Amino acid sequence: MDLKSNEAFWLVKNGIIHSYPSLHEDKSCDVLIIGGGITGSLMAHQCIKDGYQTILIDKREIAHGSSSATTSMLQYEIDIPLYQLSEIMGGKSAVNCYKACAESIDLLQNICQEIHSKAGFRKKKSLYFAAFKKDKQWLKKEFEARKKAGFSVKWLDEKEIDKRFKIPTSHGGILSEQGGSVDAFQLVHELLDYNLKKGLEVYDKTEMIAIQSIKKKTHIKLNTGANIIAKKVVFCTGYESTNLIKEKFVNLLSTYAIISEVDEELTKAYQDLLIWNTANPYLYLRTTDDHRMLIGGEDEDFYNPQLRDQLLNKKAKILNKKFHKNFPSFIFREDFAWSGTFGSTKDGLPYIGTHKDYKNAYFVLGFGGNGITFSVVGMEMLSYWLKNKKHPLATYFAFGR
């Protein structure tokens, strides 16, 4: 293939899985979901399961936003280490957030089994290694915090990491039992197809251009000339929520990824492992279900899509160089490269909940390096709220926290 592109690998790998219509007639529903990525598709799955008449719309083609660019590493680790998060919000609260993410990986596995997914979900271990000698002290502190909280972790010294995983550059690290990966782009379409048969309605190239809440219902005007009246609206619009919310609540970052040619010898060594390090920005790696090695990182502040994409070739070369530095026993033959945008928050946590400027509405914004696991957590939270029940994680993820 040997391509450099601003289109993510998953779009080329999967092609056109499903085609959806745009909406040109007025509709009403219990729940309107705005955003057709992995978050929106998970919320739709939950709403249909709970028996709500549900419509999902997206201004693009389905899954062509951040879900087409994600590297889909499923981690319970939040971008802020557990010991630091404990200092910010208290030990019990921090552990609850970490445990919710850990449990979400198993929940996603159950969902994949339920819908007979072929999106390559795979449970994996996770290796978090010290990229520099100075990082070893705080990483050991992190290991002790996770061990105390009950997570299944093991400390490996540099010699053992080199022997087991052929990484001679580490200074020790944490091996965790809980992790996974999946093709999120394919999973989105599988979730929607499964729920279309159960009554879900899905429309792409259908954009909200105005919203007004009147008493207990919300009126949404669309770019197609049609209107939707919904009892509840769920915004699953990711970093584009910055266009809806006035205050600054997320820092947008550009990220880059490269993927190798099919190489069974390379991927066999790491097929059951996620790998990331303590560098800033950190390097992260995983294998795919079609025997490729995926590398991501080189994050920097997002300014505009043009500047982000102009840096693609430069960033791809840096990622390639970092792979060969850390994994000198293997040859990485680059096949594809892409860039994307994601959001980071002050405490590494998502924003899931209500916002004062939007009545009858919820936001499910799974920011950070483990946005998919946050979205799975958001399924249960949304289910609680639609039943007028409080959720124990609500205060941790609320706006204005």
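The legends below describe three close-up views of a predicted model.

**View 1. The second largest pocket and the residues that line it.** The second largest pocket holds about 550 Å³ of space. Its lining is made up of 24 residues, and those closest to the centre of the pocket are Asp-79, Ile-80, Ala-279, Asn-280 and Tyr-282. Three elements, α5 (136-149), β15 (273-277) and β18 (334-344), each supply at least two residues of this lining, and the largest share, three residues, comes from α5. Sorted by class, the lining of the second largest pocket has 12 nonpolar, seven polar and five charged residues.

**View 2. The packing of helix α3 against α5.** Helix α3, which spans residues 82-89, packs with α5 at an angle of about 75°, and the axes of the two helices lie 8 Å apart. Angles from 65 to 115 degrees count as roughly perpendicular, and α3 and α5 are therefore described as roughly perpendicular to each other. On the α3 side, the contact is made by Leu-82, Tyr-83 and Glu-87, while α5 contributes Trp-138, Lys-141, Glu-142, Ala-145, Arg-146 and Ala-149. Five residues of this contact between α3 and α5 are nonpolar and four are charged, with no polar residues among them.

**View 3. An open sheet of three strands in the order β4-β9-β5.** The pairing in this sheet is antiparallel, and β4 (73-74) and β5 (122-123) are the edge strands, each of which pairs on one side only. Strand β9, residues 180-181, runs antiparallel to β4 and is joined to β4 by two bridges. Leu-74 has Gly-180 as its bridge partner in β9.

Technical notes: Residues numbered from 1 in each chain as written. Predicted model: local features only at pLDDT ≥ 70, side-chain atom pairs only at ≥ 80, totals over all residues. Heavy atoms only, no water. 1 Å grid on protein atoms, 1.4 Å probe; cavity = no way out; pocket = protein on both sides within 12 Å on 5 of 7 lines; lining within 4 Å. Points joined across faces, edges and corners; volume = space filled by probe spheres on them. Helix = DSSP H or I, 4+ residues; strand = E, 2+ residues; numbered from the N terminus. Nonpolar A, V, L, I, M, F, W, Y, C, P; charged D, E, K, R; others polar. Axes fitted to C-alpha atoms, helices over the stretch in contact; angles between N-to-C directions. Parallel < 35°, antiparallel > 145°, perpendicular 65-115°, else oblique. Contact = heavy atoms within 4.5 Å. Pairing = 2+ DSSP bridges.
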